[in-house]
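Please open the model in a viewer and keep the sequence panel at hand. The tour below proposes a series of selections.

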Amino acid sequence: MSSLSSRRLGSAAYEASIGLSTEKRAILAAVLMAVVFVVGQYLMPAPETPVPQAPSPTTPSAPAPTQPSEKAAAPVPAPPPPAPATAKPQAARARPPQRLATIDTPLYRATISSEGGKLQEFTLKYRGEKPMIVLGDLGPTGLVVGPAGHAEPLPMEMSASDLQLGRDRPSAELVLTGEADGLRVRETLTFRADTYAIETVIHIENAGGTVRAVTASLPWTTRQAWKETSEKFLGQHPTEIAWAPDGHVERVGSLCDIPEIVTEGRWIAADSIFYLTALVPKSPGFKLVARGEPKEVCEAKAKDPVGRITIAGEASPTIAPRQTWEGRVIVYAGPKEYDRLRAYGLEDTINFGSFLIPQNWTGGRPVLPMAWIGVPILLLMKWIYQYVGNYGVAIILITVVSKVLFYPLTVKGMRSMKAMQALGPQINALRSKYKSDPQRLQRETMELYRANKVNPMGGCLPMLAQVPIFYALYLALSVSPELQNAPFICFGKLFKIDLWICDLAGPDPTYVLPILMGITMFIQQKMTPTTGDPAQARMMLFMPVVFTLMFLIYPIASGLALYWAVSNVLQIGQQWLMERSNRPVDSGREAKNSARREAKNASRS
C-alpha cells in the first residue's frame, strides 16, 4: 500500500473505529485496507514502499494500530498481497471518437464518418458543385445494428482515411468494423470512379452462445417541408417518395402525406425531378421502409424546415451461435440520367407520367405510359449530343426531325381544314334555315360534307396523332438533368445576368424566348384556317397573349421554350409552303365555289 493512500485514509479509519470492540475494529481495519489497496492501485500506478511510523491517534499519516488483547488472540486476516503494477481492472468500453475519411472521384467528393459509415458530405461534380447532403436535414444516419427499434448508428473503426479514385485506381474499398452487444459487425463500402453508386456489404457475426435476433438498417432522412429554406441547386430537396414492389412503381407526391411503408420490393427512393437517392437491396431478407411524421407537423408556422421522413433498407435476420449473416445494398445518390439508372434497375424513377389518364387515378400505375415514347426521344437527344456537343442544337434537330416525319399528316390536316373553311358560308346558311330543328340541321350538314367529300374530323385526327409525340418530347426535356448548366448560345454574364442561354434547365433571363414563342404562336394561329364563328376565332387569337403573359410571370425552362418556339417557326413555314402550293389552293377554290352554289340553291328553296 502506498504511503500517500495511507495518509489520506488512516485518520478516517481510526475515527470510525472508536467505541468498537477489538474484533470489530480488526475486521473493519482489514476491510478498509483492502479498499485502500484497490483504490490505491487504480489511482497510483507506481507503488511506493510504506514507511513504518509510530502509532498515534492524532497522527493522520498512519492507520490506527489494533491493540492486543486476550479476546483478540485469534488470528486476524492478513491483507491481500500487492498485485503487479500492470494489473488493472478493465474499464467499460467507451464510445470511440468519430473519425472521417475523404473519398475523391471524378464524379463526386464524399466524406465518410466512423459513425455507422454515414456520409457526412456527398457533393456531385455534375455540371457544377451540387451537395446532396444537408447536415441535420438531408442525408443518411449511418448503419444501425441492434434490437428492433434501435436507432443509434454503430460506432466503428475505419481501415483508411483518404481514397483517391481515377484512371489509375478505378475502385477502392473502405472497411469499417465494430461491435454491438456481442455482435461483430463489418461494413465494406466499395466506391467506383465511373458511377455514383456505393456498394454496401454488411457482415454480422454472432460471437455469443445463444441465438440472436438482430435488425440491420441503412436509413436516409429528409425534411417533409422546407419552408423558407431554399435549394442550393434545382432539385436538391426531394419532392416525392417512390418505391417498387411487385414489379410496378408507387409514388407519394406529397411528403406530408407519407403513410408507413414496410414492404418487400426492388428499391425505395427519395427523389426530385432531376436527382435521386435510392436504396437498392441486392440480398434476400431486406424490406423497404418509409416513415414520416404526422401531417400537422408540416402545417406548423415556421421558417426553418419541419418534419422528417426516413426511408431505409432494413433486414431482421436471426443468427445462430458462431454463425454469420451478410447483406448487400446499393446506395445511389446522383442525377437521374437514364443510362446510369438503368444499370441498377432504377429507370422507372423517371416519371414520364401517363397520357390522358393521370396516374393518381389509377393507383400510380400509368394506363398509357408516356415512357414508351419519352425514353426513345431522350436517348435520341443524347445520341445527337455526342456529335453536335450542344443540347440546344440537339433540341432544334429533334424538333426538325419530328416535323419532317409528321409533315404528311400536317398537310392532310391543313387541306381538310381549308375545305371546312370553304364550306363555312353554306354551313352558316343551314344554321339560319334549320335553327329550330337541330336534327334536320345535323342531317343536312352531314349531307353537305358527303356531297363535297369533306371529312369533318379530317383536320383534327392528323393533329391528334402528333399530340403524344410532342407531349413526350416536352416531358423528355422536362426531366433531363443533362440540361442543367448546359449552354445554347452563351456570351457570358453582364451584371451577373446570363447573356443569352447559358442554362437550358433555367428560364431565359432576357425573356427573348418567351416573347418569341408568343409572337410565333400568334402568327401560327392567324394563319390557321378557322371553321367556327368570328367570336371563337378572336378568342383563339387572344390565347397566344395569355400564354406569353403566363410564361413571363411563371417562366419555363429555356430548353422547353426553345423547343416550343422552334416548333412554331417550323409550323409557320409548313403552312406558308402549303399556301403557295397549287393543289391546296385549287381544292380550296373548288370547295368555296361549291359552297356558294349550295348556298344559292338553299336560298331559292
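**A surface patch on a helix**

Select Leu549 to begin: it counts as partly exposed because its relative accessibility is 47%, a class that lies between buried (under 20% relative accessible area) and exposed (over 50%), with a 1.4 Å probe and protein chains only. The model is predicted, so local features need pLDDT of at least 70 and side-chain atom pairs pLDDT 80 or more, while totals for chains, interfaces and linings use all residues. Residues are numbered from 1 along each chain as its sequence is written, and side-chain values use heavy atoms, without hydrogens and water.

Leu549 belongs to helix H12, residues 534-553; helices (H or I, at least four residues) and strands (E, at least two) are DSSP runs numbered from the N terminus. Extend the selection to the nonpolar surface patch formed by Met539, Met540, Phe542, Met543, Val545, Val546, Leu549, Met550, Ile553 and Tyr554, whose accessible area together is about 950 Å². Patch members have over 30% relative accessible area and no salt bridge, and nonpolar side chains (Val, Leu, Ile, Met, Phe, Trp, Tyr) are joined within 5 Å. A salt bridge here is a side-chain nitrogen of Lys or Arg within 4 Å of a carboxyl oxygen of Asp or Glu. Areas come from the Shrake-Rupley method with a 1.4 Å probe.

**The enclosed strand S13**

Next, select residues 215-222, strand S13: eight of its eight residues are buried, so the strand is largely enclosed by the rest of the structure. Thr215, Ser217, Pro219 and Thr221 are buried on one side, and Ala216, Leu218, Trp220 and Thr222 on the other.

Which strand does S13 join through seven bridges? Add residues 309-315, strand S20, which runs antiparallel to S13; Leu218 stands opposite Gly313 there. Strands count as paired if DSSP finds at least two bridges between them. Strand S6 (residues 144-146) is also antiparallel to S13, over three bridges, with Gly146 partnered by Thr215.

**Two open sheets**

Now display the five-stranded open sheet, ordered S4-S3-S2-S1-S8 with mixed pairing. Strands S4 (129-131) and S8 (162-164) are at its edges, each with a single partner strand, so one side of each has no neighbour in the sheet. Within this sheet, select Tyr108, whose bridge partner in S3 is Leu124.

Finally, show the open sheet of nine strands, in the order S7-S9-S10-S11-S22-S18-S17-S14-S15 with antiparallel pairing. Nine bridges link S11 (residues 197-206) with S22 (residues 324-335); Ile198 has Val331 as its bridge partner in S22.

Methods
Patch = residues over 30% accessible without salt bridge, like charges linked within 9 Å, V, L, I, M, F, W, Y side chains within 5 Å.
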